[in-house]
Amino acid sequence: MQKIICIDPGHGGPDPGAVGAHLRESDINLRVSLLLRDALVRSGVRVLMTRETDVLPLKSGTIGEDLAYRARLANTAGADLYVSWHYDSSGNPSTDGVSVWVHPSQKGKRTEQWAVAISTSIATAASQKDRGVNFGDFQVLRDTAMDAVLIEGGFISCRAEEARMADRAFLLQQAEGAAAALCGILGTAYVPPSSGAPTCDKQAAEDVIALYSQLAKRATPAMVVAANFAANAVRRAAGIPITTDLGKPTAEAADRMEAFTQAVWHMSTPQVQECHHIAADALRAL
Ligand SMILES: [Zn+2]
């Protein structure tokens, strides 16, 4: 049976998590988690996300209730593994590196061994210090019914590591490193990203471009630019000529457009999902 991994991008919405000089932990958690989702789906793993946009999964309530809700989502879906992704902060600005946390009750059990493998795989893929396993009585580790790990992907309080977090290539290395380890844990063959320029099915591309044009018809001027930018990324990948280039969207419009591609992703066929991926990747890379 196809295994299910629940990916939980930590914090979100009104809760930014740790804040660095330039970045908010909640944003980086989401970016790396979406890349991890893509890598696992490519490898044939079913993925359940606790959030795919900048929100708290539980629309109203306390942070504690939100954390309980995230665990409940995974429990209800019968997930095989729960992976919460965070970045850490320290009073010592030179502290850096990746670590993976498990619940103290899992000491000496397979979850601890898996956490070692995940930490090493991320650290190797992204050339980071491997801080190994830590034990913590975190709510998402406590409330989940399945094996659960919490990745601390680096220290946002370390200037050099924070600078790397702003780079999509670094987050991609971390996500692919985690995916390779997680596939090994699930006994699934890890499928690395295909080399070369992205390509997509021409009919699917035309459908996606039509959807973005429809959106642009009733959109604000900033969103018209973002929709055009997304459509052109898909045109480029599908070899469809670009007739109108409105340039780069604002960061805010790019974020909104990316959220739109995430929202419709679930309703789409795999061919169309591939096109939305290409658009989202282009928007994220801005
Ligand atoms: Zn956090």
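How many residues does helix 1 have, and what distance does it reach from its first C-alpha to its last? In this predicted model, where local features require pLDDT of at least 70, side-chain atom pairs count only at pLDDT 80 or more, and totals for chains, interfaces and linings use all residues, helix 1 has 18 residues and reaches 26 Å between those two atoms, close to the 26 Å expected at 1.5 Å a residue. Residues are numbered from 1 along each chain as its sequence is written, and side-chain values use heavy atoms, with hydrogens and water left out. Helices (H or I, at least four residues) and strands (E, at least two) are DSSP runs numbered from the N terminus, and the expected span of a helix is 1.5 Å times one less than its number of residues.

Of the 18 residues of helix 1, 14 are buried, so the helix is largely enclosed by the rest of the structure; buried denotes a relative accessible area under 20%, exposed over 50%, and partly exposed the range in between, for a 1.4 Å probe and protein chains only. S26, found in helix 1, is buried at 1% relative accessibility. Not counting residues up to four places away in sequence, S26 touches G10, H11, G12, D15, P16, R51 and D54, contact being defined as heavy atoms within 4.5 Å. Helix 1 is followed by G44, whose phi is positive, near 85 degrees.

The zinc ion is coordinated by H11 through NE2, by E25 through OE, given twice, and by H86 through ND1, at 2.1 to 2.8 Å. Donors are N, O and S atoms within 2.8 Å of the metal (3.2 Å for Na, K and Ca), and because water is not among the atoms, sites may look incomplete. Along the chain, the donors follow the spacing H-x13-E-x60-H. H11 lies in the loop between strand 1 (4-9) and helix 1 (25-42), whereas E25 lies in helix 1, so that the pair ties together parts that are 14 residues apart in sequence. The angles subtended by the 4 donor atoms run from 50 to 140 degrees, which makes the arrangement irregular; four donors count as tetrahedral if all angles lie between 85 and 135 degrees, four count as square planar and six as octahedral if opposite donors are over 155 degrees apart and all others between 65 and 115, and anything else is irregular. Both H11, at 19% relative accessibility, and E25, at 3%, count as buried. Phi of H11 is near 65 degrees, a positive value in a residue other than glycine.

Helix 7 (residues 202-217) has 16 residues and reaches 23 Å from its first C-alpha to its last, close to the expected 22 Å. Its buried residues are A204, A205, V208, I209, Y212 and A216. Seen down the helix axis, these fall within an arc of 135 degrees, so they line one face of helix 7, the arc being that of the directions from the axis to the C-beta atoms. The buried residues of helix 7 pack against helix 8 (221-238), helix 9 (251-265) and helix 10 (270-284).

S268 lies in the loop between helix 9 and helix 10 and is buried, with a relative accessible area of 18%. Leaving aside neighbours within four places in sequence, S268 is in contact with Q273 and H276. By contrast, S127, in the loop between helix 3 (110-125) and strand 5 (130-135), is exposed, with a relative accessible area of 60%.
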